[in-house]
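Please open the structure in your viewer and keep the selection panel at hand. The tour below moves from one selection to the next and says what to look for at each stop.

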Amino acid sequence: MPELSRGPAQSVVGSPGTPVQVKGRWRQLSLLGGTMLVDSTEASLVSSLFPLIRQSLGVSLGALGTLTAASKIVGVFTGPFWVWAAQRWSRKSVLVVATGLWGLWGVAAGFSQNFTQLLVLYTVLAAGYAAANPIITELIGDLFGSSSRGRAIGFVYGAISLAGAVIGPLKGQLAGVDEGWRWGLWGIGGFNILLGIALLIWFRDPGRGASEQQLADLDRTTREAVSKLSWDKAFSLLKIRSLVILLVSRLLSGHLLVGTFGVVFLVDVYGFSTQRASLVILPFGVGYFLGTLLGGFAVDRVSRRNPRSGPVAVLQAAQFVFAVFAYFGTQFRYDSILVFGALFALIGTAQGMNPSINRPMVMAITPPELRGAAFALYASIAEAIAWAGYSLGAGFLADTVGLRVVFLWVLVVLMLVNGLFLTLLYRPYAVDTARVQEELDTRRRDVLADPR
């Protein structure tokens, strides 16, 4: 029988069978959210200010694809490494180093004298930031119980979206400063170092399983021992047909290209200045935030009425809607940046619907102990590969056929194909969701039958 503990290391209130609350969880969440915000800001800085980098270092548009692809590909390998390191040592120490003090590499990148130096330093920077998403997402699950995790995740990603939308135009104003892209890297890198120090001083890791009703009263050592993931369990994810289809759909998600090339597109294709083109980042970010709310409301509503096929229909519709908005927002010339801003807001809304729909779907088709691994496979690997592939391909193709043609095929045609492909998900999703519910019912019966 495992030892029970209510000691201070656990920092929870409640008892088995009642909702559990980790003390200071919102304060801890604010620290984690700030870290993710700064990481995402620095990651997008190169895309936003690439016109300046292109002029300063004398590179072609293909260089942007190379930078983005390198930063995503390196995360495919270093993301799992950081997760392993967090298991081996501690999640706090990994976050302090990989997403905080790692900002030193951003400062160093600001001193780059040629494209090769920038590519190497920016890739090393991205290698550290790959730790943020899987580890912070896991920590949110330990800080908040099942009844409040959605609210917590919505707070983090919504705040990041809105803050990024405000910061985006401000980054664009660096175009009016001599070598402004360097100042951006120096500033964000320095701020990340400060956040790393704040994490070191104030962040408290509650331990794995701290917010689970069934585990909260166990001592931390026991909780973490029963929370380990084996290779056999991880590989069993590939036997879930619905997850495989969702992974392929993620690889077909051409809308990821908007965040990388959106500003450059308006500069190169329609002749806006970098400062004016950067203004669309604000409505796009606001639209994305509203899309997460709309997608969450829609998937919750259809899940109550038709849990086996409703979420699939909503996800499929989101792909079609995005393709329509992207067509009108990228394939026609409008004289005013305000028109593009309105259309980018609609594009952002359609894109923002996806995470609040597909994340609950992944949860519905996987048992609780495999969800972390499923999201690592879905977001850290599949999404990174897709983002890198589209960015690299678009960067080089744009030099040949132009960004307007690339956007037509990737943002419009490919997204229509993605929507049609999701038709294959209806039957497997119904089967897999039913299987998970049956498995959880079986576990409950087994526990009630064995009082030990």
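Helices (H or I, at least four residues) and strands (E, at least two) are taken here as DSSP runs, numbered from the N terminus. This is a predicted model, in which local features need pLDDT of at least 70 and side-chain atom pairs count only at pLDDT 80 or more, whereas totals for chains, interfaces and linings use all residues. Residues are numbered from 1 along each chain as its sequence is written, and side-chain values use heavy atoms, with hydrogens and water left out.

**The whole chain**

Begin with the cartoon view, where the secondary structure comes to 20 helices and two strands. Colour next by pLDDT, the predictor's confidence in each residue on a scale from 0 to 100; the chain averages 77, and 78% of the residues score at least 70. Select residues 1–19, where pLDDT stays under 50 and for which the model nevertheless has 43 contacts beyond four places in sequence, a contact being heavy atoms within 4.5 Å. Across the chain, 82% of the contacts with a separation of 6 or more are between residues 24 or more positions apart. Of the 452 residues, 51% count as buried, on a scale where buried means under 20% relative accessible area, exposed means over 50%, and partly exposed lies in between (1.4 Å probe, protein chains only).

**Asn418 in α19**

Select Asn418, which is found in helix α19 (residues 403–421) and which counts as buried at 0% relative accessibility. Leaving aside residues up to four places away in sequence, Asn418 touches Ser249, Leu252, Ser253 and Gln319.

**Helix α3 and its neighbour α4**

Move to α3 (residues 62–88) and draw a line between its end C-alpha atoms, which are 39 Å apart, in agreement with the 39 Å that its 27 residues should span at 1.5 Å a residue; the expected span is 1.5 Å times one less than the number of residues. Where does α3 bend by about 40 degrees? The bend is at Val76, with a proline, Pro80, following within four residues; the angle is taken between axes fitted to the seven residues ending at a position and the seven starting there.

Val94, in helix α4, is the next selection, and at 5% relative accessibility Val94 counts as buried. The contacts of Val94, not counting residues up to four places away in sequence, are with Trp82, Ala85, Ala86, Thr99, Ala131 and Ile135. The C-alpha atoms of Val94 and Val83 are separated by 8.6 Å, the two residues being 11 apart along the chain.

**The two salt bridges**

A salt bridge is counted when a side-chain nitrogen of Lys or Arg lies within 4 Å of a carboxyl oxygen of Asp or Glu, and the structure holds two of them. Show Arg91 and Asp205 as sticks: their closest N and O atoms are 2.8 Å apart. Arg91 lies in α4 (residues 91–101) and Asp205 in the loop between α9 (180–202) and α10 (220–225), so this pair ties together parts that are 114 residues apart in sequence. Both Arg91 and Asp205 are buried.

The other pair is Asp432 and Arg435, whose side chains meet at 3.8 Å, N to O. These residues are three apart in helix α20 (residues 426–449), which separates them by about one helical turn. Asp432 counts as buried at 8% relative accessibility, whereas Arg435, at 30%, counts as partly exposed.

**The nonpolar cores**

A nonpolar core is a set of buried Ala, Val, Leu, Ile, Met, Phe, Trp, Tyr and Cys residues joined through side-chain atoms within 4.5 Å. Which members of the largest core touch the most other members? They are Leu257 and Leu266, in a core of 81 residues, and helix α13 (residues 257–270) gives the most to this core, with 10 residues. Centre on Leu266, which, not counting residues up to four places away in sequence, touches Gly271, Phe272, Ala277, Val280, Ile337, Phe340 and Phe344. Apart from the largest core lies another, of 26 residues, among them Leu246, Leu247, Val299 and Val314.

**Last stop**

Finish at Val339 in helix α17 (residues 337–364), which counts as partly exposed at 34% relative accessibility. The C-alpha atoms of Val339 and Val280 are separated by 9.5 Å, with their positions 59 residues apart along the chain counted as their separation.
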